[in-house]
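New notebook page. I wanted to look up the enclosed spaces inside this protein first, and then how some of its helices pack.

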Amino acid sequence: MEDSVPVVQENKIQYSEEMIENGLRRFGWSGMIQCILVSAAMYFDAQQSFMAIYSDEYPTWHCADPTTCTSHSDICKLPRSSWAWDGPSSKTIISQFGLQCATSFITGLPQSSFFLGCFLGSFLLATLADTSLGRKNLLVMSCFFMSLASATIVFSTNVWTYSAFKFLIGFWRSSIGTCVLVLLTEKVSTEWRFTVGIVEYFCFTLGYMTLPGIAYLNRNSSWKSLYVWTSVPAVCYSVIAYLFVAESPRWLLMQGREQEAMAMLTGISESAVENGSNITAGLLKVPAVKQKSILGLYSSIAELFERSWVGKRVVAMMVLGLGIGMVYFGMPLAVGNLGFDIYLGVVFNAFMEIPSCVATYFLANCRRKPSILAFSVASGICCMLCAVVSNGVKVAKVGISLVAFFSTVTAYNVFLIYVVEVFPTSVRNTTTSLVRQAVVFGNIFSPFLISAGRKNEFFSYGVFGVVIISSCFTLVCLPETIGVALSDTMDQQEKKDNLSA
């Protein structure tokens, strides 16, 4: 009798998972609308992520008195009356706050504060999506407070208050990407997982691509205009998302809210309506998440340390994410180091996201690990070439940087899907957030590297290339996940891993 219990329990788990997949398999117009509503948050996330390209840029200047200076003069050694900024003095924070002679630490502080906020926010907000708040509520709350901080940053009077607001923007922005990715992938079955991921990338790309246009239209205005034009629509989106976005059915099941999950699954799948009683029976066999009373809301973090294989997998994914993420977010911020037009440079980089999304779509049926490895290595090689190619060969250098960014974006896209597939529902949002935390941790130092790269490009592009290639060694100890259905519990994930071993 005792020997038969595990078998029966195993059959229950397998049956319930099959029922969930059947309930999610039909992806109609209502599912697509939900997908677009959730993914739209990435549009605003992208704009806040790369806002510093324009708001923190070092503006051009000209000699007001040709007898005392030339275009090659050191601005820090000239009298203030002998030169003037091109355009309004409030165009960027450098000109408004008088930071033209400040150290790399001061000029890089605002964006580093942004990534530091992302780093701390990922840790403090991550488990709320797995426990009390859920995916939807945390997404709406994060987007609303991010846009609120972005709107109030216009009241900054110096670089210190500006950096404090950037920290708040980064803090609230930290959980948006994780919530969107997890919420999307948990709303669909295995075969649709990669497709909805592409929608998320498209919305992020759209936000990235529209930023140069907004900046160009406000090129003769204060940097504050950029924040106003991007924060107000984000507030409106937060209200719409709160009213119309639905929660993840998998999360509802893990919280023991079977009836809500049942209503959602039958609304998604027509076949689920016809077989509602069978699905309900299957769903009721899904075990709810066991909360640890000592740690309260942060029980899912404690769960990571209960099994050694989970901790090792999290560390490996974090190292991989640090390498890929540093290049993904660092290269757009370093576009000014190429000596190219900053508006066209960002547009070209943003356009690289489109073929990358196409490439990611066709990689849906390819093995995850070789795909990440190939594009990461290609990116690393191109980054190191950018560090050694002379600025005199500007066209070649820009071309190499675009290839590097395309490869990085493709590796990053596949990596984000891979993160979701590696961990079960009970800790998926927490582990995904921890991995993203590693991504932003590396970017805390990127602004300083980029500032140093203005004098020696090895400190920017060279370091990017070395880091992304080195991080790929962690792929050796990670599993392949192509074609594998998402697991809900640690036990399910462990059994699947043992079967595939």
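Entry 1, the largest cavity. I began with its walls: 13 residues line the largest cavity, and Met42, Phe204, Tyr328, Tyr412 and Leu416 are the ones lying nearest its centre. A reminder to myself that I am working with a predicted model. The volume of this largest cavity comes out at about 100 Å³.

Which helices supply at least two residues each to that lining? I found helix 3 (41–49), helix 10 (193–217), helix 17 (308–333) and helix 21 (394–422). I sorted the lining of the largest cavity by class as well, and got seven nonpolar residues, five charged ones and one polar one. Then I checked the domains: domain 1 (26–60 + 86–247) and domain 2 (293–500) each contribute at least three residues to this lining.

Entry 2, the rest of the cavities. How many cavities of 30 Å³ or more are there in the whole structure? My search turned up four. The second largest has a volume of about 60 Å³. I wrote down its lining residues: Cys118, Ser122, Arg173, Ser174, Phe329, Tyr412, Arg436, Val439 and Val440. Helix 6 (104–130) and helix 22 (425–443) are the elements that give two or more residues to this second lining. Helix 22 has the largest share, with three residues.

I noticed Tyr412 twice on this page: Tyr412 is among the residues nearest the centre of the largest cavity, and Tyr412 also lines the second largest one.

By class, the lining of the second largest cavity splits into five nonpolar, two polar and two charged residues. Where does this cavity lie with respect to domain 1 and domain 2? Both domains give residues to its lining, so the second largest cavity lies between them.

Entry 3, helix 20 against helix 21. Helix 21 was already on my list for the largest cavity, and I wanted to see how it packs. Helix 20 (residues 368–388) and helix 21 have axes 8 Å apart, and they pack at an angle of about 150°. Angles over 145 degrees count as roughly antiparallel, and helix 20 and helix 21 are therefore roughly antiparallel to each other. I noted the crossing of helix 20 past helix 21 as left-handed. The residues of this contact divide into 15 nonpolar, seven polar and four charged.

Entry 4, helix 17 against helix 24. Helix 17 also helps line the largest cavity, and I looked up its packing next. The axes of helix 17 and helix 24 (residues 461–471) cross at roughly 150° and come within 8 Å. That makes this pair roughly antiparallel. Helix 17 passes helix 24 in a left-handed crossing.

Entry 5, helix 7 against helix 9. One last pair for today. For helix 7 (residues 134–152) and helix 9 (residues 176–186), I have axes that come within 9 Å and cross at roughly 150°. Helix 7 and helix 9 are therefore roughly antiparallel. I put down a left-handed crossing where helix 7 passes helix 9.

Conventions: Residues are numbered from 1 along each chain as its sequence is written. This is a predicted model: local features need pLDDT of at least 70, side-chain atom pairs count only at pLDDT 80 or more; totals for chains, interfaces and linings use all residues. Side-chain values use heavy atoms; hydrogens and water are left out. On a 1 Å grid over the protein atoms alone, a cavity is a set of points where a 1.4 Å probe fits but cannot get out, and a pocket is an open set with protein on both sides within 12 Å along at least five of seven lines; lining residues have an atom within 4 Å of a point. Grid points are joined across faces, edges and corners, and a volume is the space filled by probe spheres set on the points. Ala, Val, Leu, Ile, Met, Phe, Trp, Tyr, Cys and Pro count as nonpolar, Asp, Glu, Lys and Arg as charged, and the others, Gly among them, as polar. Domain bounds come from an automatic or database domain assignment. Axes are lines fitted to C-alpha atoms, for helices over the stretch in contact, and angles run from 0 to 180 degrees between N-to-C directions. Angles under 35 degrees count as roughly parallel, over 145 as roughly antiparallel, 65 to 115 as roughly perpendicular and the rest as oblique. A crossing is left-handed if the near helix is turned anticlockwise from the far one by less than a right angle, and right-handed if clockwise.
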